Amino acid sequence: MKTKKLNMQKILAPAALVILYVFFSITGRNFFGMDGLRQILQSCYYIGYMAFGVTFVIITGGIDLSLGSLMLCSALVGCCAYSAWGWPLWLALILILVIGGLFGLFNGFMVAKLKLPPFIATLGTQMITLGFGSIISKVRTMYFPSVGSVDEWFRSVFYIHGQFPTGVLWLLGAFAVGWFLLNKTRFGRYVFAIGSNEEAARLSGVKVDRYKIAVYVVCGLFVAMAGIFYGAAYTTVLPGKGNGEEVNGIAAVVIGGTSMAGGSGSIFGTLIGVLIMATLKKGLASVGLQAHWQTFFTGFVVIGAVLLDIVRNNAALKSAKKQVQ
Amino acid sequence: MTEQILEMKGIHKYFPGVHALNDCHFELGAGEVHALIGENGAGKSTLMKILSGVYTKDEGLILLDGEEINIGSTLEAQHLGISIIHQEINLMQDLTVAENIYIGREFLKGFVLNQNEQDRRTNELLDSLHLSDIRANTKVSTLTVAKQQMVEIAKALSFQNTRILIMDEPTAALTESEIEDLFSFIRMLKAKRVGIVYISHRMEELKVICDRVTVMRDGQYVGTRDMADVSISEIIQMMVGRVIYTEPKTSSAVQLDAPVVLEVKNLNSRDVKNVSFQLHKGEILGLAGLMGAGRTETARLICGADPMDSGEIYIKRKKAAIRTPYDAVQEGIGYLSEDRKLFGLCLGLSVGDNIALPNLETHRRGFVIDDAKIRRTADKYIRKIGIKTPGFYTPARSLSGGNQQKVVLAKWLERDCDILIFDEPTRGIDVGAKSEIYKLMQELVKNGKSIIMISSEMPELLRMSDRIVVMCEGRATGELSIEEATQENIMELATKTMEGEMK
């Protein structure tokens with residue numbers, strides 16, 4: 001009985017995904033098939049990386065609002081190093097990761113050591129990274145190598161090679177890494193413990209501050225990866241952009257059943273959340289509804305997912321109380 | 001004798017598994033200050049929560065002016081003229097006195113707040129209570145704690161016909177001179193024929209301000225006396241003189257020359273003043289005292305949970321630098337908090353993960369968590385100390401209090417801690433689980449562990465401890481061997497405030 005309920009929780013989001021997919025396959029034009037599937041997957045890349053990263057943060061009970069602008073900031077600076085300063089591409093990509101990691105460290109330091117509320121700390125970082133990217137790039141638009149240029153490999157490695165969406169492999173790789181980190185390492189176990197009860201974790205001898213910082217660094221690295229995939233997909237990076245993208249990442253996490261209160265969540269759920277959002281996006285387009293409709297409906301999906309989470313939690317609490325009595 | 005306004009007769013209250021109030025009586029006259037006292041958990045709060053409408057009684061009669069009443073909610077209690085002043089101040093610090101007093105019943109002129117009327121009424125009220133130094137437009141945060149308390153009382157009295165005022169530890173946060181202010185205020189209320197229920201642990205205070213005293217113990221009514229006819233030691237005797245259902249220890253098996261595993265010297269922090277003691281190998285050291293005596297605070301210093309201002313900790317004769325809980329855990333100190341839900345467990349995580357939390361170093365292979373080993377470890381303790389749970393995978397949230405306590409214990413046992421601090425180990429757990437915890441503790445010391453036990457239940461201390469250190473107001477006021485310790489002399493040390501010694 002109990003295990004059944006648990007499975008229900010895990011099945012709900014994937015089931016919604018399947019239902020959405022089937023629904024649009026029937027009603028949408030050019031939705032069903034390899035092309036449609038590839039388009040869905042391709043719109044997952046950078047949101048997926050952001051979402052994986054912020055899943056860790058949200059499970060500790062925190063939030064990161066700097067996702068979107070940090071993603072573009074790191075991409076912009078890396079791209080600037082490549083195209084304006086003449087760095088080799090591989091070094092520029094490493095720079096992107098370093099920038100993501102450093103801003104993650106900055107976020108973590110503010111939250112863990114200076115005890116700033118994550119909302120405020122990362123809101124500040126959102127604006128700082130927005131400005132930082134523009135300052136470094138001198139407010140110029142930057143271009144990653146596109147098809148036909150010297151570093152053509154960039155796009156085929158990270159985005160698409162011929163007809164094959166190579167980005168999918170990276171996304172699945174990131175999923176595997178994220179899943180391993182969260183479920184199989186001490187770091188992951190502490191992430192849950194901190195989100196569930198920070199004080200109990202601290203009294204158990206967990207160096208809570210250190211792990212909280214690490215969580216934001218991990219998030220920053222994932223976000224930097226998102227920046228790389230953004231660059232590969234769009235090749236053009238505009239300065240002063242990216243704020244607003246964080247809501248997509250956070251929405252995917254929430255749709256995937258990770259609780260904003262911390263202590264529970266899963267990378268698998270986040271992957272499903274990302275896929276649901278991408279399916280919705282492609283599906284609504286295939287029935288003739290454009291971008292503004294997609295945002296409109298995604299909003300309802302987020303609210304619905306959180307409502308469901310609340311209902312589930314209440315039910316779980318009730319059954320737990322019953323068990324005790 | 002004054003006219004009687006309130007009578008509570010034969011009150012019973014049951015909580016799941018606990019008979020919290022068993023045939024309790026209480027009465028209150030107009031203009032009387034009636035002390036309600038008893039040890040922690042004696043049932044005073046429960047009885048007063050019934051009177052103020054927080055709980056409903058299961059059996060018994062409540063008579064107001066001789067008429068039977070039913071109090072279904074706090075709002076009904078207020079309408080009946082019964083108000084409670086809680087220990088903590090519940091005022092909105094950034095609002096004015098008037099805004100606080102009339103919150104939720106603001107004076108309106110159409111849609112607009114009628115500030116003038118509200119301020120005028122507030123000032124009238126304050127004047128009538130001789131609180132002319134507090135004004136309606138004063139911001140609450142600028143008032144002293146004592147004045148804020150009086151604003152709370154004024155708020156209670158601003159409801160029509162408030163005649164019964166329950167004050168829960170009103171002096172807990174007050175300084176000496178503020179207490180004097182409060183007392184003259186209470187005398188003024190007496191003159192206005194308000195009946196006051198006064199809950200406090202401070203015996204000297206009761207003598208000063210109260211007319212009668214009712215003592216409760218273990219959810220039962222012990223007796224009511226006129227304050228003038230009773231001495232403090234008689235009251236203490238009434239408080240502790242229970243039929244002791246568990247035999248107290250009469251002698252300690254721990255040799256005086258047993259090695260010292262922990263020594264603290266002159267610990268100081270905001271709530272702890274110059275506390276020193278030693279803990280021997282295989283010993284249970286009881287830390288006695290009333291609520292707020294600084295026992296938990298001392299324990300939290302030892303386990304690195306709070307920073308200390310000064311002091312030294314020696315573990316096995318070696319000086320230990322404990323700055324964080326991590327350091328304490330490395331030194332082999334395990335802390336079992338009185339509030340398991342807040343400090344002990346990650347409720348959402350499984351029993352296994354909770355036990356593994358301080359032990360992941362030994363439950364991994366390289367970077368990978370060894371879940372199979374966590375499971376084996378959890379199963380081992382589920383068997384060994386009898387944790388009643390459907391399995392290691394069950395969330396800690398759904399376990400009963402006693403079993404949650406065992407999960408916390410398992411955490412530290414697996415960590416192989418030599419020094420265990422049990423803070424109120426049996427609070428909120430039922431009798432059966434209690435004796436299991438006692439048995440476990442005895443086994444632990446037999447196996448060479450050492451235990452510091454903080455408890456507010458004196459029979460528990462007398463039954464378990466080899467030695468007892470008593471604290472009051474942050475200081476260690478005395479140390480008793482188990483041979484000399486009695487409930488009376490513990491209580492005496494626990495109420496030995498500085499007042500007498502200060503000029």
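So, helix α5 of chain A gives the largest share of a nonpolar patch, six residues in total. One thing before I go on: this is a predicted model. The patch sits on the surface and covers about 1000 Å². Which residues make it? On the list we have W90(A), L91(A), I94(A), V98(A), L102(A), L105(A), W153(A), V157(A), F164(A), L169(A) and W170(A). If you want one to click on, try L91(A), which has its place in helix α5 of chain A. And α5, residues 89-113, has company: α7 (153-158) and α8 (166-184) of chain A also supply at least two residues each.

Okay, now let's look at where the two chains meet. Here, 35 residues of chain B are in contact with 26 residues of chain A. Together the chains bury about 2500 Å² between them, and 61% of that is on carbon and sulfur atoms.

What about charges across this boundary? Between chain B and chain A the count is five salt bridges. One to find on your screen is D371(B) with R189(A), where the closest N and O atoms are 3.2 Å apart. There are also ten residue pairs in polar contact between the two chains, with both residues at pLDDT 80 or more.

Which parts of chain B are doing the touching? The elements giving two or more residues to that side are α10 (325-330), α11 (340-344), β20 (368-369), α13 (371-384) and α14 (401-414). Of these, α11(B) gives the most, with four residues. And if you sort the residues on that side of chain B by type, you get 22 nonpolar, five polar and eight charged.

Last stop: salt bridges over the whole structure. A search over all chains finds 35 of them. Let me show you one inside chain A, where the side chains of R38(A) and D35(A) meet at 3.7 Å, N to O. Where do these two sit? Both are in helix α2 of chain A, residues 34-42, and they're three residues apart, about one turn of the helix. Have a look at that pair when you get a minute.

Technical notes. Residues numbered from 1 in each chain as written. Chains lettered and ligands numbered in written order. Predicted model: local features only at pLDDT ≥ 70, side-chain atom pairs only at ≥ 80, totals over all residues. Heavy atoms only, no water. Contact = heavy atoms within 4.5 Å. Buried area = accessible area lost by both parts, 1.4 Å probe. Salt bridge = Lys/Arg side-chain N within 4 Å of Asp/Glu carboxyl O. Polar contact = N/O pair within 3.5 Å; in protein donor to acceptor, adjacent residues only side chain to side chain. Nonpolar A, V, L, I, M, F, W, Y, C, P; charged D, E, K, R; others polar. Patch = residues over 30% accessible without salt bridge, like charges linked within 9 Å, V, L, I, M, F, W, Y side chains within 5 Å. Areas by Shrake-Rupley, 256 points an atom, 1.4 Å probe, with all protein chains shown as cover.
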